[in-house]
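Trainee: I would like to learn how the labels for a structure are justified. Could we go through some together?

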Amino acid sequence: MAERVKGGRPARISREAIVAAASTLVERDGVDALTMRKLADEVGATPMALYHHVRDKSGLLLLLLDHHAQGVEQPVWPDDPREKLIAAAQTMHDVLAERPWVAEVLTSDDLLSVSALWLPEAIVDAAVGCGLTERQAVHAYRSIWYYTAGEIIIRAGAARRRAAGGTPYRDQVFASIDAERYPRLASVADEWVELAGQDTYRDGLEALVAGLLPPR
């Protein structure tokens, strides 16, 4: 919170305090709750005090993205390019899983963190090492990104619905599904919730990579 100086005026809020408060607000209430006014209330300052550091919500999000990206330690990649590709994609998934709102921001706006470009660089480089052209490698990265971000966002949404309580509508549907019309779905209806909740990202990633890359 901004401390007051002589004369009763609040001291200029620090960038670190803005990042900490914005992170708290987003983690607690979601990206949509991040506004200059709400952030000012969070730090005990006026919106005008924030404009010394950021101009708008996009600036706030970029500040957050860079802050969290800079805190991620870059792994030592395997020498084998195919293994490197899978390891880099898995790292991207794990980083996003810690903060699903980052995937939401990256997929809904024209924002990215320059500090995190080492991840797509590693994936594209590994894909080229596996025999793809640079253009093909970009397409491969895009497919992996779509799969990864989609998995993160869907899981995060399911977690929010579970936390809200009640029985999800999808579960109600499978509890009374028409076995004559949908025999395959009916045969696994009792297990659907459990199966849908299992973490199969790695299996899907390896299958996706196998389809994107040329045979060894």
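Trainee: Which helix gives the largest share of the positive patch?

Mentor: Helix α8, residues 134-164, does, with three residues. Keep in mind that this is a predicted model.

Trainee: What makes R160, R161, R162 and R170 a positive patch?

Mentor: Arg counts as positive, and like charges are joined within 9 Å if their residues have over 30% relative accessible area and no salt bridge. R160, R161, R162 and R170 form such a patch on the surface.

Trainee: Why is R162 called exposed?

Mentor: R162, which is found in helix α8, has 58% relative accessibility. Exposed means over 50%, so R162 counts as exposed.

Trainee: Is there a patch of the other sign, and what forms the negative surface patch?

Mentor: D94, E98, D199 and D203 form the negative patch. Asp and Glu count as negative.

Trainee: Why does D199 count as exposed?

Mentor: Its relative accessibility is 55%, and the cut-off is over 50%, so D199 counts as exposed. You will find D199 in the loop between α11 (192-197) and α12 (201-212).

Trainee: How do you know how the radius of gyration of the protein chain stands against that of a compact globule?

Mentor: A compact globule of 216 residues would have a radius of gyration near 17 Å, whereas the protein chain has 22 Å. The C-alpha trace spans about 75 × 50 × 25 Å along its principal axes.

Trainee: And how many helices and strands does the protein chain have?

Mentor: Good one to end on: twelve helices and zero strands.

Notes
Residues are numbered from 1 along each chain as its sequence is written. This is a predicted model: local features need pLDDT of at least 70, side-chain atom pairs count only at pLDDT 80 or more; totals for chains, interfaces and linings use all residues. Side-chain values use heavy atoms; hydrogens and water are left out. Patches are made of residues with over 30% relative accessible area and no salt bridge: like charges are joined within 9 Å, nonpolar side chains (Val, Leu, Ile, Met, Phe, Trp, Tyr) within 5 Å. Accessible areas come from the Shrake-Rupley method with a 1.4 Å probe; for residues, only the protein chains shown count as cover. A salt bridge is a side-chain nitrogen of Lys or Arg within 4 Å of a carboxyl oxygen of Asp or Glu. The place of a charge is taken as NZ of Lys, CZ of Arg, CG of Asp or CD of Glu. Helices (H or I, at least four residues) and strands (E, at least two) are DSSP runs, numbered from the N terminus. Buried means under 20% relative accessible area, exposed over 50%, partly exposed in between (1.4 Å probe, protein chains only). The radius of gyration is taken over C-alpha atoms; the globule rule is 2.2 Å times the number of residues to the power 0.38.
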